[in-house]
There are 2 protein chains.
Amino acid sequence: MGLSKTDLFTPEQNDLARAAKAFGNPARVAILQSILRVQGCINGDLVRELGLAQATISQHLRALKDIGILQGRIEGVSMCYCIDPERWAEIKERFNRLFDQGEKLPSKNCCQSENPCTQPKN
Amino acid sequence: MGLSKTDLFTPEQNDLARAAKAFGNPARVAILQSILRVQGCINGDLVRELGLAQATISQHLRALKDIGILQGRIEGVSMCYCIDPERWAEIKERFNRLFDQGEKLPSKNCCQSENPCTQPKN
DNA sequence: TTTATTTATCGTAATATTGCAATTAAACGA
DNA sequence: TCGTTTAATTGCAATATTACGATAAATAAA
């Protein structure tokens with residue numbers, strides 16, 4: 001296998017999962033933070049900054065491009081990578097919609113309490 | 001390989017990536033939404049609800065337990081899975097800290113504009 | 001033109017993920 | 001006790017991910 005059954009889920013669930021998967025590697029998190037820090041473009045500095053091989057960085061950049069959160073532009077001999085603000089906002093929104101549902105959670109985890117489960121078992 | 005080089009990154013980056021990875025599968029997104037919907041515990045209904053095999057659901061539940069976002073309690077013959085509100089809030093915070101840095105982004109992507117990259121190339 | 005710089009791609013190895021059937025283990029009910 | 005229900009675990013196959021070295025392609029500099 002090794003492949004998610006995307007047809008069982010909504011497009012929103014699949015898109016959120018796809019975005020989360022792209023965030024699911026510390027190197028890609030570091031890349032995003034780096035671009036956010038300079039508030040602009042970024043290039044080969046990443047290789048020196050992150051301590052990973054150039055081929056590996058390039059691969060991570062492509063993974064971020066694949067979910068639409070990064071765009072690249074050729075700038076002379078080097079590359080300029082930027083965040084797409086619209087896509088960024090869209091993904092942020094998707095995560096927030098999920099996280100906000102957690103606001104209604106009881107402060108005490110129901111699995112820690114003595115009370116039985118609120119939901120019927122079948 | 002197949003293994004992230006976690007030692008190159010901060011604990012925060014690694015934890016965020018680990019949490020994102022757990023969110024990075026549509027079945028796990030659906031499981032979380034299901035628990036949030038009932039605002040309590042959840043059990044074998046997931047198997048009927050999601051259309052995945054019981055072993056697969058159990059595996060996904062364990063992945064969510066592994067990042068500390070889910071807790072389980074035995075309730076008779078069945079299981080009661082709940083979200084840990086503290087860990088939920090912590091993960092939400094980590095994501096928010098990342099997303100909020102994007103607030104400062106220019107509305108026009110610098111890769112779409114005519115201006116050259118603001119950062120030096122090396 | 002030649003050389004250096006920069007980044008993408010290819011090939012490869014090691015490991016991880018996904019999903020399922022089959023089995024096991026535990027608790028309940030008759 | 002015996003069968004039923006529920007969920008975890010095991011074993012397996014297919015595929016994905018991660019990282020790297022080597023190479024290629026494109027531009028800039030000499």
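## A buried glycine at a turn between helices

At 8% relative accessibility, Gly24(A) counts as buried, because buried means under 20% relative accessible area. The model in which this residue is seen is a predicted one. Gly24(A) lies in the loop of chain A that runs between helix 1 (11-23) and helix 2 (26-38). When residues up to four places away in sequence are not counted, Gly24(A) touches Ala17(B), Ala20(B) and Lys21(B). The C-alpha atom of Gly24(A) is separated by 22 Å from that of Gln39(A), and these two residues are 15 residues apart along the chain.

Asn25(A) also has its place in the loop between helix 1 and helix 2 of chain A. With a relative accessibility of 12%, Asn25(A) counts as buried. Residues up to four places away in sequence again being left out, Asn25(A) touches His60(A) in addition to Ser4(B) and Ala17(B).

## Overall composition of chain A

Five helices and two strands constitute the secondary structure of chain A. Along the sequence, these elements follow the pattern α-α-α-α-β-β-α.

Chain A has 122 residues, and 51% of them are buried. Among the contacts in chain A with a separation of 6 or more, 49% are accounted for by residues 24 or more positions apart. The area that chain A exposes is about 6400 Å², of which carbon and sulfur atoms supply 50%.

## The crossing of helices 1 and 5 in chain A

How do helix 1 and helix 5 of chain A cross? Their axes come within 10 Å and cross at roughly 110 degrees, helix 5 being formed by residues 85-100. Because angles from 65 to 115 degrees count as roughly perpendicular, helix 1 of chain A is described as roughly perpendicular to helix 5 of chain A.

On the side of helix 1 of chain A, the meeting residues are Glu12(A), Asp15(A), Leu16(A), Ala19(A), Ala20(A) and Phe23(A). Helix 5 of chain A meets them with Arg87(A), Ile91(A), Arg94(A), Phe95(A) and Leu98(A). By class, the residues of this contact between helix 1 and helix 5 of chain A divide into seven nonpolar, no polar and four charged.

## The nonpolar core

The largest nonpolar core has 64 residues. Which residues have the most contacts inside this core? They are Ile69(A), Trp88(A) and Phe95(A), together with Ile69(B), Trp88(B) and Phe95(B).

Phe95(A), which takes part in the contact between helix 1 and helix 5 of chain A, is in contact with residues of chain A and chain B. Leaving aside its neighbours within four places in sequence, Phe95(A) contacts Leu16(A), Ala19(A) and Ala20(A), as well as Phe95(B) and Phe99(B).

## Two further sites in chain A

Cys80(A) has its place in strand 2 of chain A, which spans residues 78-83. Is Cys80(A) buried or exposed? Its relative accessibility is 0%, and Cys80(A) therefore counts as buried. Along the chain, Cys80(A) and Leu105(A) are 25 residues apart, and their C-alpha atoms are separated by 43 Å.

Gly44(A) is in the loop between helix 2 and helix 3 (45-50) of chain A. Gly44(A) has a relative accessibility of 34% and so counts as partly exposed. The C-alpha atoms of Gly44(A) and Ser78(A) are separated by 7.3 Å, although the two residues are 34 residues apart along the chain.

## Helix packing in chain B

In chain B, helix 2 (residues 26-38) packs with helix 4 (residues 54-66) at an angle of about 75 degrees, and the axes are 10 Å apart. This angle makes helix 2 of chain B roughly perpendicular to helix 4 of chain B. Helix 2 of chain B makes the contact through Ala27(B), Arg28(B), Ile31(B) and Leu32(B), and helix 4 of chain B through His60(B), Leu61(B), Ala63(B) and Leu64(B). The residues of this contact between helix 2 and helix 4 of chain B comprise six nonpolar, one polar and one charged.

Val47(B) is placed in helix 3 of chain B, formed by residues 45-50. A relative accessibility of 28% is the reason why Val47(B) counts as partly exposed. Apart from neighbours within four places in sequence, Val47(B) is in contact with Leu52(B), Gln54(B) and Ile57(B). Val47(B) and Asp66(B), which are 19 residues apart in sequence, are 20 Å apart in space, C-alpha to C-alpha.

Conventions
Residues are numbered from 1 along each chain as its sequence is written. Chains are lettered from A and ligands numbered from 1 in the order in which they are written. This is a predicted model: local features need pLDDT of at least 70, side-chain atom pairs count only at pLDDT 80 or more; totals for chains, interfaces and linings use all residues. Side-chain values use heavy atoms; hydrogens and water are left out. Axes are lines fitted to C-alpha atoms, for helices over the stretch in contact, and angles run from 0 to 180 degrees between N-to-C directions. Helices (H or I, at least four residues) and strands (E, at least two) are DSSP runs, numbered from the N terminus. Angles under 35 degrees count as roughly parallel, over 145 as roughly antiparallel, 65 to 115 as roughly perpendicular and the rest as oblique. Contact means heavy atoms within 4.5 Å. Ala, Val, Leu, Ile, Met, Phe, Trp, Tyr, Cys and Pro count as nonpolar, Asp, Glu, Lys and Arg as charged, and the others, Gly among them, as polar. Buried means under 20% relative accessible area, exposed over 50%, partly exposed in between (1.4 Å probe, protein chains only). Accessible areas come from the Shrake-Rupley method with a 1.4 Å probe; for residues, only the protein chains shown count as cover. A nonpolar core is a set of buried Ala, Val, Leu, Ile, Met, Phe, Trp, Tyr and Cys residues joined through side-chain atoms within 4.5 Å.
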